[in-house]
Amino acid sequence: MALNELNFKYKVENPQSIAKEYSHLGVVGSGDLEVLMEKKDFGGGAEVKVVTPVTGFDKVWEMVVTKFVKGNNLGDLLIEINDNNATPVVVSMRLRQALAEANKIEKGGE
Amino acid sequence: MLSWDELQKAKFTEANARERAFGLVDKGTFTEFVSPRDRMPSPHLPVLGEAIGYDDGVVTGIGLIGKRPVFVVSQEGRFIGGAVGEVHGAKMVQAIKLALKAYEDVKVKYPDSYEERLPAVVISFETGGVRLHESNAGLLAHAEVMDQFQDARGKIPIIAVIGSKIGCFGGMGFVGAATDVIIMSEQGRLGLTGPEVIEQEMGKDEFDASNKALVFRTTGGKHKYIMQDANFLVEDSVAGFYQQLQEVMKLPFAEIEKFRRIGSKKLVEEQLELVKLAVGLGAKDSMDVWKYYGNEDPAKLVDMGPDEFLKVAKRRERKLG
Amino acid sequence: MEREVRVWDNLKRDTEERMKKVAHLVEEGKVVKAENTVALLEGVIKPGDKVNLEGNNQKQADFLAECLCEVDPKKIYDLHMVQSVVSLKSHLDVFEKGIAKKLDFSFSGPQAGRLADFVRDGKLELGAIHTYLELFGRYYADLVPKVALIVAFEADKEGNLYTGFNTEDTPIIVEATKFKQGIVIAQVNKIVDKVPRVDIPADWVDFVIQSPKNFYIEPLFTRDPGLITDTQILMGMMALKGVYAEYGVQSMNHGIGFFTAAIELMLPTYAEELGLKGKICSYFALNPHPTMIPAIESGWVKNIHCFGGELGMEKYVAARSDVFFIGPDGTLRSNRAYSQAAGHYAMDMFIGGTLQIDKYGNSSTATANRVAGFGGAPNMGCDAKGRRHSSDAWLKCGLEYGMQEALLGKMPRGKKLVVQMQETFKEKMDPAFVDELDAWKLQKNANLDIPPVMVYSDDVTHYITEEGIAYFHKCVDMKEKMAAIRAIAGYTEIGLQAKEEETMDLRKRGIVKTPEDLGIDVTRANRSMLAAKNIKELVEWSGGLYNPPARFRNW
Amino acid sequence: MDYEQGMIGRGRDALEMIFDADSIKENLIDDIQIEAEIGPGAVVGTGLLDGEKATFIANDAQAINPRFNVVYFGVIGMEEAYKMALAVYSTIEADKDKPLEQKRPLVLIVDTPGNGPGKTEEIFGMNKATGSYQLALAEARKLGHPIIAMVIGRAISGAFLCHGLQADQILALDKTFGTMIHVMPLTSISRITKIDIERLEELSKDNPVFAAGVDFFHRLGGVEEIVKKVEDMKATIKKHIAEVREAKKAGQQEKLGPWGRGALGDERGGRVARKKVMEKMTEEYNAVADKYLNA
């Protein structure tokens with residue numbers, strides 16, 4: 001059984017990282033996932049790690065993640081996803097929301 | 001995530017555990033401990049093929065309410081029903097342990113004015129108790145939480161906040177009952193045995209778990225408020241709970257102790273009176289009990305908004321407290 | 001020339017003969033005691049009769065259904081059941097016991113699996129699966145009931161019936177039966193001195209029985225806003241912007257699922273923000289969906305006609321007589337037949353969810369082992385070919401119709417918007433887009449004439465998935481339609497066959513629009529978009545008039 | 001006596017075996033009387049262990065509570081739990097003036113399948129009843145009373161939490177006696193988690209965190225010692241009382257009770273994440289503590 005771990009690495013032209021050092025979004029509820037984004041010095045590259053109970057959809061994961069990373073020109077960034085049976089739409093939506101969150105400029109607060 | 005100001009307006013039932021943790025303390029003061037960034041998921045779930053979460057379904061940290069350090073534990077019902085496993089449990093236990101450490105430190109540093117900086121523990125419960133996937137570890141963790149509660153007795157207040165979808169059940173049901181103060185919304189539920197199990201034990205005629213109205217009037221916030229099992233009833237918003245916490249923090253600790261329902265011989269004797277009432281009354285429904293306490297038309301209370309309810313609802317009278 | 005002497009009132013004579021046999025069971029007026037019901041049925045029904053057992057996806061003549069199961073199968077057998085819905089256990093028990101033999105129906109919910117078994121095992125001879133209007137039509141052609149077993153809230157002793165809020169199918173059944181010399185038996189919750197209003201006049205009713213228990217009503221159209229997902233909200237936003245606003249749709253029917261519930265709850269929020277108030281959503285053929293309350297309260301809706309009632313909405317509906325159809329007694333009168341007619345001819349759009357879509361764009365909710373039928377959906381979800389009045393939305397859709405000229409030459413004609421919504425993957429990564437519908441398997445498993453298709457490809461005008469909207473009607477041929485399906489099928493096997501340049505071309509031509517093309521900020525697709533986030537808030541919106549059933553009360 | 005079928009359902013017999021002959025006084029802690037009529041599913045009182053006074057709290061699986069029909073076969077109902085709590089508080093009261101080393105021990109005889117599930121129980125708050133008993137035990141333990149739990153039969157889930165897991169040390173009869181310690185049988189875990197029973201059975205062979213059984217609890221630090229023979233119960237209990245007393249005298253409370261079992265679980269390799277998490281939290285707290293304590 002165990003969990004399925006997928007790792008993807010990317011290198012895009014003129015990569016953009018995120019504004020915050022670290023950002024987290026989402027809850028690992030049924031059909032949902034959490035996304036953790038962390039600025040990392042990857043020499044411009046981006047790394048994505050997915051942990052999911054789902055097997056047999058590795059290729060779909062790769063396509064969804066690739067589209068997201070390339071579509072947003074992401075680099076120097078580590079993305080980790082803990083998934084609990086989310087459909088591709090939920091994955092893409094959470095990734096987009098996570099990116100927006102990661103680029104939010106903090107105002108007020110501490 | 002919503003900003004603190006937006007969160008205050010948000011429904012408590014809609015907020016996730018992290019949002020609740022942020023919103024229950026003063027604006028901008030929350031610092032999370034063992035956040036997802038520390039990547040400390042359950043070591044036991046992967047072998048069962050069960051999804052992991054980096055916070056293991058509970059957000060722990062510290063914030064302020066006024067000058068008082070508030071140690072927050074906020075359970076996430078969407079992650080395996082908020083159930084307690086080894087990591088989740090350890091985070092709960094350690095939050096209380098750290099609060100007690102803070103208590104000792106504050107007492108040393110501010111010997112004459114430590115009450116105004118008295119640490120507190122706030123637990124936002126959303127759980128069915130022991131996580132079956134790591135049940136033995138979860139069970140042992142429950143016992144540790146109770147142990148810490150006893151250590152905290154007479155030193156720092158432990159406040160339960162119950163207003164999320166799952167409620168507070170199973171082993172965590174008596175952990176909730178063992179706190180000093182309980183704040184609930186009418187959407188909150190507190191009990192021991194979940195509705196499905198009661199139905200299974202007693203039959204559908206006696207207890208139909210799909211009858212949510214029945215489920216809620218048996219264990220929901222309004223009922224618990226009438227029974228004095230919940231001390232405060234607030235509206236379903238983050239602000240509702242936060243503001244009530246602010247009020248509680250203003251009370252001297254001796255007053256807070258009076259909110260307790262169990263934890264001494266006298267309180268046990270008081271509860272035994274209630275058990276005798278249960279026998280004498282032969283109540284078939286919680287509304288029979290509401291009526292007994294002087295609510296002439298108990299059915300009316302069900303749909304009443306919190307403000308009106310607080311005005312008209314008659315509660316069990318307590319000799320103590 | 002000697003004229004042949006023929007009898008022209010056989011049906012009447014037959015009925016009179018049957019009535020005589022049971023005359024002793026009648027107490028006062030037309031009242032028969034509940035305990036005499038089985039005897040009554042044994043007296044008035046003959047083997048081989050066509051019997052209508054009233055029941056639909058809401059109210060049920062459950063007591064009469066149970067009594068019918070208790071008649072002696074030696075005396076009464078081979079019945080031909082003609083009924084809207086097969087949803088109670090008793091509905092199939094009559095076949096199990098050998099009382100009934102043949103079935104013509106429209107929809108089966110909880111009994112769909114058992115029904116499939118019965119058909120396969122030869123326990124039941126299936127006539128056909130209909131749409132509601134189609135079946136109602138046949139009540140007046142070749143499926144006229146001899147005996148109708150119906151249900152009402154109240155009756156007086158003379159037999160006047162009050163069906164009120166849940167009038168639903170009753171008038172159309174009674175009229176078909178009674179005016180063809182048949183026999184009408186009504187179970188009622190209560191026999192009263194005077195009914196609040198006469199929905200069915202006494203001389204159309206032969207017997208009334210006060211049933212021991214109130215009849216069952218299913219709250220089928222209540223959707224808890226608490227269960228609406230972000231994806232449903234995203235797709236709702238897409239629908240509002242890409243279809244409702246695009247066509248200025250003013251009249252419509254909403255399906256039963258969470259997609260349309262999300263849309264209803266976004267009228268006072270997202271649609272308001274888009275400035276659509278007054279420009280869309282004025283007229284509905286719709287059950288009193290609780291999720292419509294915020295939109296109604298915000299002044300969006302002019303008119304709603306209801307197929308049936310919805311448990312808990314009685315008081316709210318009664319208090320909004322400007323919107324709903326309310327009798328002189330102050331309560332709603334629903335009517336499934338009229339609402340179906342309105343939905344078919346007077347509405348510019350049908351929008352609802354489906355389960356499976358094949359590569360050609362046929363869609364169905366049929367699964368391999370359940371004979372469920374589609375109720376009224378196919379009726380709503382098809383172009384009304386007899387429609388002759390025009391509206392902006394209807395005309396615009398027709399003008400965009402890619403095959404218009406091939407079919408009509410240079411003749412303007414409108415087209416009804418038939419919008420199907422579905423996420424590309426259902427739970428557990430079950431793809432919604434498939435090579436072949438499960439309906440084909442069902443056809444084999446249940447030995448049906450044709451695979452049960454809910455909406456055929458040539459009726460669908462728009463498909464909405466989270467990936468995009470396919471403006472399906474704009475396609476000029478099947479080849480292009482299949483490309484449009486692929487373009488919005490995401491990461492399903494079908495979707496993976498999409499070619500990038502092909503999809504780009506479809507987007508350029510406005511046949512496919514992604515959320516980006518529509519200018520939708522996906523990160524806004526979350527529950528804060530909903531005007532009410534749980535049932536409790538619906539109650540608050542209604543000013544306490546909505547009284548949700550116990551199972552929905554999370555407080 | 002015949003112990004072949006184990007000790008399930010024989011709480012009263014266990015009392016006879018463990019305590020000195022004819023020493024058992026039910027519902028009495030010195031001169032403090034506990035209402036005899038309530039909670040028939042719980043047996044409480046005073047007995048002698050080779051002449052030394054101890055409070056006992058046991059389940060009586062033969063008893064049926066006529067007022068609460070969920071209480072039978074050892075179930076702890078509302079009355080039972082409060083009665084048990086009263087026994088603890090009365091013990092505290094009786095010894096309140098005694099020094100730590102003279103606080104009398106409490107012996108919990110554990111054979112219970114669960115807490116009372118029911119509508120009445122929920123209306124009146126069963127959770128308070130079990131909660132109050134646990135708080136009472138924790139208080140007594142912290143005051144210096146040695147508390148030993150002896151699992152003779154079933155120690156299931158919430159009922160074990162209530163009646164057992166607040167003890168200083170937990171002993172259990174060997175599994176050959178049919179002793180059961182678990183939250184749920186694997187069949188139920190399988191149904192709820194939707195994980196195949198075969199898979200669970202295979203995993204449970206060497207995964208102590210969810211497996212059912214005394215040995216696994218031992219590895220997790222949940223059980224201090226496994227008692228192989230019924231005859232050894234008394235001596236083993238006495239031995240542990242002495243050990244606990246020593247530890248308390250030496251100020252080593254942290255080695256006992258739930259917290260001590262936490263450390264033991266780490267030592268025995270059954271629960272190793274716990275410690276890491278706690279250390280990380282402390283580290284992160286220390287980094288910000290000043291800011292919060294001096295706000």
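Chain C and chain D do not touch; 14 Å lies between their nearest C-alpha atoms. Contact here is a matter of two residues whose C-beta atoms, placed from the backbone, lie within 7 Å. The model is predicted: local features need pLDDT of at least 70, side-chain atom pairs count only at pLDDT 80 or more, and totals for chains, interfaces and linings use all residues. Residues are numbered from 1 along each chain as its sequence is written, while chains are lettered from A and ligands numbered from 1 in the order in which they are written.

**Chain contacts**

Five pairs of chains are in contact, and chains B and D share the most contacts of these. Between chains C and A, 15 residues of chain C meet 15 residues of chain A. Helix α8 (residues 230–247) of chain C gives the largest share of the chain C side, three residues. That side has six nonpolar, four polar and five charged residues. Ala, Val, Leu, Ile, Met, Phe, Trp, Tyr, Cys and Pro count as nonpolar, Asp, Glu, Lys and Arg as charged, and the others, Gly among them, as polar. Helices (H or I, at least four residues) and strands (E, at least two) are DSSP runs, numbered from the N terminus.

**Two domains in chain C**

Chain C is assigned domain 1 (29–210) and domain 2 (225–536). These bounds come from an automatic or database domain assignment. Taken over C-alpha atoms, the centres of the two domains of chain C are 32 Å apart. In chain C, 29 residues of domain 1 are in contact with 31 residues of domain 2. On the domain 1 side, β4 (100–108), α5 (112–120), α6 (132–139) and α7 (170–178) of chain C each supply at least two residues. The largest share, six residues, comes from α5(C). By class, this domain 1 side of chain C divides into 14 nonpolar, 10 polar and five charged residues.

**A three-stranded sheet in chain C**

Three strands of chain C form an open sheet, in the order β15-β14-β19, with mixed pairing. Strands pair if DSSP finds at least two bridges between them. The edges are held by β15 (363–364) and β19 (433–434) of chain C; each has a single partner strand, so one side of each is left without a neighbour in the sheet. Strand β14 (residues 356–358) of chain C runs parallel to β19(C), and two bridges join them. C:Asp358 has C:Val434 in β19(C) as its bridge partner.

**Local features of chain D**

Two residues of chain D have a positive phi although neither is a glycine. A residue is buried if 20 or more other C-beta atoms lie within 10 Å of its own, exposed if 12 or fewer, and partly exposed in between; C-beta atoms are placed from the backbone.

| Residue | Phi | Location | Burial | Other C-beta atoms within 10 Å |
|---|---|---|---|---|
| D:Asp30 | about 50° | loop between β2 (28–29) and β3 (32–33) of chain D | partly exposed | 15 |
| D:Ser157 | about 45° | helix α5 (residues 157–162) of chain D | buried | 25 |

Helix α1 (residues 11–18) of chain D has D:Gly11, D:Ala14, D:Leu15 and D:Ile18 as its buried residues. Seen down the axis of α1(D), they fall within an arc of 105°, so they line one face of the helix. The arc is that of the directions from the helix axis to the C-beta atoms. Their cover includes β4 (42–49), β5 (52–59), β6 (106–112), β7 (147–156) and α9 (233–249) of chain D.
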